[in-house]
Amino acid sequence: MVDTPLWRFAVSVYSGPGVEKECLSLQDRFALNVNLLLCGIYLGSEFGISLSGRDLSAAGRAIARWQIQIVNPLREMRRFLKQTSARNEWRQGPSTKSLRVQVKNAELESERLAAAMLTKWFRPRLAGWPRGERKVAIISNSRTVLAHYGAEEAELPQRLIRQALALDRSSPG
């Protein structure tokens with residue numbers, strides 16, 4: 001299992017009140033990659049780094065093939081199984097429910113691996129990026145991600161931002 005500070009951060013902030021719903025809403029409305037959003041928030045929160053649109057595009061390219069070929073199909077399968085279960089199609093039995101759980105776990109693991117790919121992408125760049133104030137960088141990165149997906153009119157993910165700012169920076173990352 002791959003574990004990175006980015007992944008631990010993502011799990012921590014994503015579990016905050018209302019953050020999951022907020023992120024999934026952006027994902028569904030704008031086809032926004034939540035991993036890229038969380039990566040931007042992490043870099044702002046942890047290092048005070050504000051990403052440019054060019055940086056974000058490069059990060060997206062680093063995981064694009066994985067996202068298209070692995071993460072998105074797993075998400076579609078999980079959602080399909082959830083919908084058919086809700087409608088009681090195919091007389092859902094224990095084996096179908098088990099399959100849905102397995103697909104959900106595979107999707108989660110694919111997201112973890114995408115976070116590892118993003119970590120591999122940003123690590124060599126850390127030294128060259130200027131640092132600033134955390135809150136400014138978090139908000140800037142949120143805006144950059146929204147703009148990247150053509151969602152400039154969307155509200156900033158306030159719950160996610162609050163959760164990131166509330167993290168204790170004194171604990172080891």
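**View 1. The buried side of helix α2 in this predicted model.**
Helix α2 tucks away Val 19, Glu 22, Cys 23, Leu 26, Gln 27 and Phe 30, which are its buried residues. Look down the helix axis and these buried residues fall within an arc of 135°, so they line one face of α2. Turned away from that buried side is a face with the exposed residues Lys 21 and Arg 29. As for length, α2 has 12 residues and runs 16 Å from its first C-alpha to its last, close to the 16 Å expected at 1.5 Å a residue. Right behind the helix comes Ala 31, with a positive phi near 55°.

**View 2. The largest nonpolar core.**
Which residues have the most contacts inside the largest nonpolar core? They are Leu 32, Leu 37, Ile 41, Leu 43, Phe 122, Trp 129 and Leu 160, in a core of 40 residues. Two or more residues come from each of α1, α2 (19-30), α3 (34-47), α4 (53-86), α5 (94-122), α6 and α7 (158-166). Helix α3 chips in the most, with 8 residues.

**View 3. Ile 41 and what it touches.**
Zoom in on Ile 41, one of the residues with the most contacts inside the core. Setting aside neighbours within four places in sequence, Ile 41 is in contact with Phe 9, Ile 138, Ser 142, Leu 160, Ile 161 and Ala 164. Two of those partners, Ile 138 and Ser 142, also turn up among the buried residues of α6.

**View 4. Helix α6 from end to end.**
Does α6 come out shorter than, longer than or in line with what its residue count suggests? At 1.5 Å a residue, the 15 residues of α6 (134-148) should span 21 Å, and the end C-alpha atoms are 21 Å apart, so the two agree. At the start of the helix, a side-chain oxygen of Glu 133 reaches to within 3.2 Å of the backbone nitrogen of Lys 135. Along the way, the buried residues are Ala 137, Ile 138, Asn 141, Ser 142, Thr 144, Val 145 and Leu 146. Just past α6, Gly 150 takes a positive phi of about 70°.

**View 5. Thr 4, ahead of helix α1.**
Thr 4 sits in the segment before α1 (5-14). Is this threonine buried or exposed? Thr 4 has a relative accessibility of 7%, and buried means under 20%, so Thr 4 counts as buried. Beyond its neighbours within four places in sequence, Thr 4 is in contact with Ala 115, Ala 116 and Thr 119.

How values were computed. Residues numbered from 1 in each chain as written. Predicted model: local features only at pLDDT ≥ 70, side-chain atom pairs only at ≥ 80, totals over all residues. Heavy atoms only, no water. Helix = DSSP H or I, 4+ residues; strand = E, 2+ residues; numbered from the N terminus. Expected span 1.5 Å × (residues − 1). Buried < 20%, exposed > 50% of the residue type's maximum accessible area, 1.4 Å probe, protein only. Polar contact = N/O pair within 3.5 Å; in protein donor to acceptor, adjacent residues only side chain to side chain. Contact = heavy atoms within 4.5 Å. Core = buried A, V, L, I, M, F, W, Y, C linked by side-chain atoms within 4.5 Å. Arc of directions from axis to C-beta.
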